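Q: Could you walk me through this model before I go back to the bench? Start wherever you like, and I'll interrupt.

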Amino acid sequence: FLCQHKVSAGSFARLLKMRLKATRRIIGDVWLDSDNLTDMSLLLLYVQQAKICLALCTEQLLLRPWCVGELATAYGHKTCTVLVVFPHFCFFDERTIETFD
């Protein structure tokens with residue numbers, strides 16, 4: 001499952017999916033919402049079913065509610081989550097979380 005903010009990482013996610021599918025090490029599909037999501041109400045179910053959540057951590061990722069929902073769902077279901085950290089990405093600290101709108 002590729003977790004990404006479409007505006008800041010959509011092209012990268014597309015290229016990454018293509019490269020991952022081209023390797024023989026990947027068994028099954030590489031899930032990308034642009035290709036696979038047909039019903040928004042099922043999004044978090046797809047996350048629950050994923051073996052791995054690959055989070056493309058761009059500056060805007062944690063500001064998008066659906067992206068945060070995907071990450072929280074992966075965490076809650078103990079899904080192996082791998083972070084690909086881009087420049088300018090910042091983890092939220094306690095103060096940011098407490099004052100977040």
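A: What follows goes through the sheet, the aromatic rings, the pockets and a few single residues.

Q: Before that, what kind of model is this, and how are residues numbered?
A: This is a predicted model, in which local features need pLDDT of at least 70 and side-chain atom pairs count only at pLDDT 80 or more, while totals for chains, interfaces and linings use all residues. Residues are numbered from 1 along each chain as its sequence is written, and side-chain values use heavy atoms, with hydrogens and water left out.

Q: OK, the sheet. What order do the strands come in, and is the pairing parallel or antiparallel?
A: Three strands form an open sheet in the order β1-β2-β3, and the pairing is parallel. Helices (H or I, at least four residues) and strands (E, at least two) are DSSP runs numbered from the N terminus, and two strands pair if DSSP finds at least two bridges between them. β1 and β3 stand at the edges with a single partner strand each, so one side of each is left without a neighbour in the sheet.

Q: How many bridges hold each pair?
A: Strand β1, residues 2-3, pairs with β2 over two bridges, and β2 pairs with strand β3, residues 80-85, over six bridges. On the β1 side, C3 stands opposite A55 of β2; on the β3 side, L54 has V82 as its bridge partner, and L56 has V84.

Q: Is β2 itself enclosed or open to the outside?
A: Five of the six residues of strand β2 (residues 52-57) are buried, so this strand is largely enclosed by the rest of the structure. Buried means under 20% relative accessible area, exposed over 50%, and partly exposed in between, with a 1.4 Å probe and protein chains only.

Q: And what connects β2 to β3, in terms of handedness?
A: β2, helix α4 (residues 65-76) and β3 make a right-handed β-α-β unit. Right-handed here means that, with the strands pointing away from the viewer, the path from the first strand over the helix to the second runs clockwise.

Q: Switching topic, how many aromatic pairs are there?
A: The count comes to four aromatic pairs, where rings of Phe, Tyr and Trp (its six-membered ring) pair if their centres lie within 6.5 Å, with planes under 30 degrees apart called stacked, over 60 edge-to-face and the rest tilted. F1 and W31 form a stacked pair, at 4.7 Å centre to centre and with 10° between the planes. F1 lies in the segment before β1 and W31 in the loop between α1 (6-22) and α2 (33-36), so the pair ties together parts that are 30 residues apart in sequence.

Q: Are those two buried or exposed, and which cluster do they belong to?
A: Both F1 and W31 are buried, and ring pairs link F1, W31 and Y46 into a cluster.

Q: What about the largest pocket, what is its volume and which residues are closest to its centre?
A: The largest pocket has a volume of about 500 Å³, and of the 17 residues that line it, F1, D29, V30, K51 and I52 are the closest to its centre. The elements giving two or more residues to this lining are α3 (43-49) and β2. A pocket, on a 1 Å grid over the protein atoms alone, is an open set of points where a 1.4 Å probe fits, with protein on both sides within 12 Å along at least five of seven lines, and lining residues have an atom within 4 Å of a point. Grid points are joined across faces, edges and corners, and a volume is the space filled by probe spheres set on the points.

Q: How does that lining split by class?
A: The lining of the largest pocket has 12 nonpolar, two polar and three charged residues, where Ala, Val, Leu, Ile, Met, Phe, Trp, Tyr, Cys and Pro count as nonpolar, Asp, Glu, Lys and Arg as charged, and the others, Gly among them, as polar.

Q: And the second largest pocket, how much space lies in it?
A: About 180 Å³, with a lining that includes H5, D33, R64 and W66; the largest share, four residues, comes from α4.

Q: Last one, which residues have a positive phi without being glycine?
A: Among them are K78, at about 55°, in the loop between α4 and β3, and H88, at about 75°, in the loop between β3 and α5. K78 is exposed, with a relative accessible area of 77%, and H88 is also exposed, at 63%.
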